[in-house]
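Hi,

Here's the structure I said I'd pass on. Have a look at it first, then read my notes below.

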Amino acid sequence: MSPPHLSAHAWQNHTGAFIALWTSGELAYALFDAGLITTSLEDGTYPALSPKHPGAAWFEKLSLDLNGHKASGVSHSNTAIEHFLSPNGTAPWPEFRPAPGEGVHQMAVGPIHAGIIEPGHFRFSIIGEKVLKLEARLGYTHKGTLALMRGKSPRNAARFAARISGDATVAHSLAFAHATEAALGLTLPPRAVQLRAVMAELERMANHTSDIGAIAGDAGFAFLDARFAWHRESLCAAANAAFGHRLMMDMVIPGGVAGDIKTGGDDAIRRSLDALETERPGLTRVFEDYASLQDRLVGTGHIGIHLAARYAAGGVTGRASGRQTDARTSPGYAPYELMELTVPVETEGDVAARVKIRLAELAESCRIIRTLLNHLPDGQIAIAPPATSGMALGVAESFRGPVWHWLNIESGLITDVFVADASTLLWPLVEHAACTSIIADFPLINKSVNASYSGVDL
Amino acid sequence: MVWSTLARHLLTKPSPPREAGHSTAAALAERLQNLSNEKLGRSLAIRHVDSGSCNGCELELRAIQNMVYDLTQYGLTFTPSPRHADILLITGVAARNMGEALRQARAAMPDPIFTIAVGDCAVDGGVFKGSPAITGGADSILAVDLMISGCPPTPGQIIDGLLSLLEAHAGKK
């Protein structure tokens, strides 16, 4: 079934929550919460959506860089992933316009940062300690992932989907598998569906524990950082014992899972969950009890409800800013319809709220994993995708928000693909949130959103 | 609250499960004991640069600093400043967009340095080999002394690789 085809006018005036935009062949595609729409490319251009939907800006730049398709009606001042713009083949710095005002100066950070994190350039305009403006320049980790996926079978392309963002490798593999299975009309064995959900929730917990710890660590609470890092380690060790890989990379494949849960894996997972559940209330109390910690987190990096809605923010960031959104329930996918998932929502929109959401989700993921392990059905774990044709979208809720994969498959080979990580809509929110605080709070804000660089650079 | 929890863990918690590398850690500890401090020469500071990873290797680099693997016990620490670093540790493919930054990071480090490529991507481009957006592995930009493969390598493998560098370094003296 092909998506509704709109005239240029109708395309431009389409309303709803914008999620992603890309071009392929003769068409431009836009994904809204209500569904996918298309419009024709005229001389390689399509009407820009960014004037109405600011989240579309990055996608428009990316379409120009990747496919040479221009959004008419806007001129973006910089590129997404193409840095080598000078005629002599070098990569000049783009112009960063400082915020207006006397005494304002610019501060350049990156692409190489102080810690063990991905590269990206941040240009702050600051007056004293106060941040007035932040512009992020990304694209440093561009690897040409989408081009490498074309012309391959879904099973062969899955290893690229698994490396779009390593911390969300299960979620990306899952969204890619969902797209493949929808395009080819595959029905999965129930055991595979449940094992996938166990992996996805383990991944969520491993990331949430390390994020919570890292935020506390940045506020000077090394004790919390150490304890949460230990729990992350125990979850990764359990994943390794159960599925043979600490991050569970390449374990979710189109048609099922690559391997069954190993003997003893069930116990290893339960032990790591028990350890976390035993300690979690005490650790949560530390967050709540210490005024010096609360002082750093409450009101920091504020993302208001309207701003979050304007960028259709998903995941932890969206839910901390009042958005009742989770791809596991809406649009939803198996097996979560049987899980009676509780989606925590906060309205403060600050770093503290994002920590609260993560703590609540840890408990929920624990419950889901235990339920799934208690009722693991017998049977096959994978079926082979046939060499047929189809086009479809797939989604999965990663720990940071929804990830979308769009695939066009012809005779068993991928002819075109697009991937929208939740981070694409989160980066503009980081830029906004930075301006609500002082420069010293930026590491906290950045960690509390934890947008992926690799996930948007592709 | 912090102190009471901390004390409880120190006193009553059973030792943490170390499935992820118990035998490796034991072997490493034994090997380290066989090396005298004098032979080790000095402790080394590491400057990490991600030149185009998927962030999987970064997760494991962070894991080697947790209390299970505790990198600092081997005299190795991460440093933010390239000026203070003895080891340039590179993860990820050599993305075209990161080439210049990587060269500048190297230029900012005082000689002599060791260069280590961690993860399949840094070793030879990994699954992204042949992409026009990359120039290959880390050795397409700089000379590399040691390669630690794996996608991503486990914390045990990374520590193992770093210790073999220390050993080789001690041997050179």
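Before the strands, one bit of vocabulary: two strands count as paired if DSSP finds at least two bridges between them. Also keep in mind that this is a predicted model.

With that, look at β6(A) and β7(A), residues 121-127: they pair in the antiparallel sense, over five bridges. To see one of those partnerships, find A:H105, whose bridge partner in β7(A) is A:I126.

These two belong to an open, antiparallel sheet of three strands, in the order β6-β7-β8 (chain A). Why do β6 and β8 of chain A each have one side without a neighbour in the sheet? They stand at the edges, at 105-109 and 130-137, and each has a single partner strand, so the other side is left free of a neighbour in the sheet. From one strand to the next, the twist averages 20 degrees. Helix α14 of chain A (residues 423-434) lies across β7 and β8, and runs at about 160 degrees to β8(A).

Now for the domains. Chain A is split into domain 1 (8-72) and domain 2 (145-438), with C-alpha centres 27 Å apart. Where they meet, 19 residues of domain 1 contact 14 residues of domain 2. About 1,400 Å² is buried between them, 76% of it from carbon and sulfur atoms. On the domain 1 side, A:I19, A:W22 and A:P54 lose the most area, together 34% of what that side buries. Across this interface there are zero salt bridges, and one residue pair is in polar contact. β1(A) gives the most to the domain 1 side, with seven residues.

Cheers

Definitions and conventions: Residues are numbered from 1 along each chain as its sequence is written. Chains are lettered from A and ligands numbered from 1 in the order in which they are written. This is a predicted model: local features need pLDDT of at least 70, side-chain atom pairs count only at pLDDT 80 or more; totals for chains, interfaces and linings use all residues. Side-chain values use heavy atoms; hydrogens and water are left out. Helices (H or I, at least four residues) and strands (E, at least two) are DSSP runs, numbered from the N terminus. Axes are lines fitted to C-alpha atoms, for helices over the stretch in contact, and angles run from 0 to 180 degrees between N-to-C directions. Contact means heavy atoms within 4.5 Å. Domain bounds come from an automatic or database domain assignment. Buried area is the accessible area (1.4 Å probe) that two parts lose on being put together, summed over both. A salt bridge is a side-chain nitrogen of Lys or Arg within 4 Å of a carboxyl oxygen of Asp or Glu. A polar contact is a pair of N or O atoms within 3.5 Å; within protein, one must be able to donate a hydrogen and the other to accept it, and residues adjacent in sequence count only if both atoms are side-chain atoms.
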